[in-house]
Amino acid sequence: MLRTVVCVSGGGTNLQAIIDAVEAGRVTNVELVGVISNNKSAKALERAANHGIPGLCISPKDYEDREQFNEAFLEKLNAFAPDLIVLAGFLVKIPPAMVKEYGNRIINIHPSLIPSFCGVGYYGLKVHEKVLERGVKVTGATVHFVNDGMDEGPIIAQKAVCVEEGDTPEILQRRVMEQAEWILLPQAIDDFANNRIRVVDGKVIHK
Ligand code: GRF
């Protein structure tokens with residue numbers, strides 16, 4: 001069983017999709033051993049508790065500087081002895097030491113088709129605002145491994161979602177979640193946990 005830690009910042013609907021998929025047996029070989037939030041009032045922590053998954057909060061705000069936070073964060077993460085780390089709407093930059101220690105074992109979900117609408121400043125609702133501003137007709141979601149860049153790691157899976165006339169950022173966000181994120185992320189975790197993906201020359205190969 002792959003010891004899996006999920007990092008969250010907010011509502012935790014992606015976390016819920018993972019929990020549901022594990023409980024329903026759609027994701028196998030995975031044990032959810034912990035949830036880490038940078039926000040103590042995140043609904044995601046409640047969702048974890050409801051399913052008996054240990055949760056904890058660690059926020060950069062409680063540390064003097066980023067370096068101290070990064071050290072403490074890595075320590076708390078290591079205490080779970082994870083095999084896989086899933087960033088499910090986690091708004092904190094992953095410390096370089098963590099990326100190094102868990103190379104190609106950290107997965108992130110991003111609510112657009114990377115390399116469009118990603119990078120610095122593109123998070124949460126802002127992504128969908130920019131999509132609507134630009135007037136693209138297709139958006140979607142991407143699951144990728146995390147490297148030192150911002151949304152730059154090897155892409156595991158992508159799914160397209162149509163933008164519709166009259167969409168607001170909130171409506172579009174919900175559609176991207178329902179039609180792409182909640183499906184794609186559990187699938188990618190299942191693929192990882194069952195050795196169906198590997199990284200070759202910076203690209204993901206599905207076996
Ligand atoms: C999702 O759209 C995720 O892709 C983005 O932030 C949102 C988090 O939603 N990075 P939730 O907390 O999983 O409900």
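Biologist: In this structure, which residue offers a polar backbone atom at 3.4 Å from an oxygen atom of the ligand?

Modeller: The model is a predicted one, and a polar contact here is a pair of N or O atoms within 3.5 Å. An oxygen atom of the ligand lies 3.4 Å from a polar backbone atom that belongs to Gly11.

Biologist: How far is an oxygen atom of the ligand from an N or O atom in the side chain of Glu181?

Modeller: The backbone also takes part at Asn14, where a polar atom lies 2.8 Å from an oxygen atom of the ligand. For Glu181 the partner is instead an N or O atom of the side chain, and its distance from a ligand oxygen is 2.6 Å.

Biologist: What share of the area that the ligand exposes when taken alone does the protein bury?

Modeller: Taken alone, the ligand would expose 370 Å². Once the protein is placed around the ligand, the buried part of that area is 89%.

Biologist: Which elements give two or more residues to the shell around the ligand?

Modeller: The space that the ligand takes is the largest pocket. Among the residues surrounding the ligand are Thr13, Asn14, Met177 and Glu181. The elements that supply two or more residues to this shell are α1 (13-24) and α6 (169-193).

Biologist: How many residues of the shell around the ligand are charged?

Modeller: The surrounding residues include Gly10, Gly12, Gly89, Ile109 and Pro111. Sorted by character, the shell holds 3 nonpolar residues and 6 polar ones, while the number of charged residues is 1.

Biologist: How many residues apart in sequence are the parts that Arg175 and Glu164 tie together?

Modeller: The whole structure has 5 salt bridges, and one of them joins Arg175 to Glu164, with the closest N and O atoms 3.5 Å apart. Arg175 belongs to helix α6 whereas Glu164 lies in the loop between β7 (155-162) and α6, so the separation in sequence of the parts they tie together is 11 residues.

Biologist: Which residue in the loop between β5 and α5 has a positive phi although it is a residue other than glycine?

Modeller: Most residues other than glycine have a negative phi, and most peptide bonds are trans. The loop between β5 (106-110) and α5 (125-134) contains Pro115, which is joined to Ile114 by a cis peptide bond with omega about 15 degrees. In the loop between β5 and α5, the residue with a positive phi, near 50 degrees, is Phe117.

Conventions:
Residues numbered from 1 in each chain as written. Predicted model: local features only at pLDDT ≥ 70, side-chain atom pairs only at ≥ 80, totals over all residues. Heavy atoms only, no water. Near = heavy atom within 4 Å. Polar contact = N/O pair within 3.5 Å; in protein donor to acceptor, adjacent residues only side chain to side chain. Areas by Shrake-Rupley, 256 points an atom, 1.4 Å probe, with all protein chains shown as cover. 1 Å grid on protein atoms, 1.4 Å probe; cavity = no way out; pocket = protein on both sides within 12 Å on 5 of 7 lines; lining within 4 Å. Sits in = over half its atoms within 2 Å of the grid points. Helix = DSSP H or I, 4+ residues; strand = E, 2+ residues; numbered from the N terminus. Nonpolar A, V, L, I, M, F, W, Y, C, P; charged D, E, K, R; others polar. Salt bridge = Lys/Arg side-chain N within 4 Å of Asp/Glu carboxyl O.
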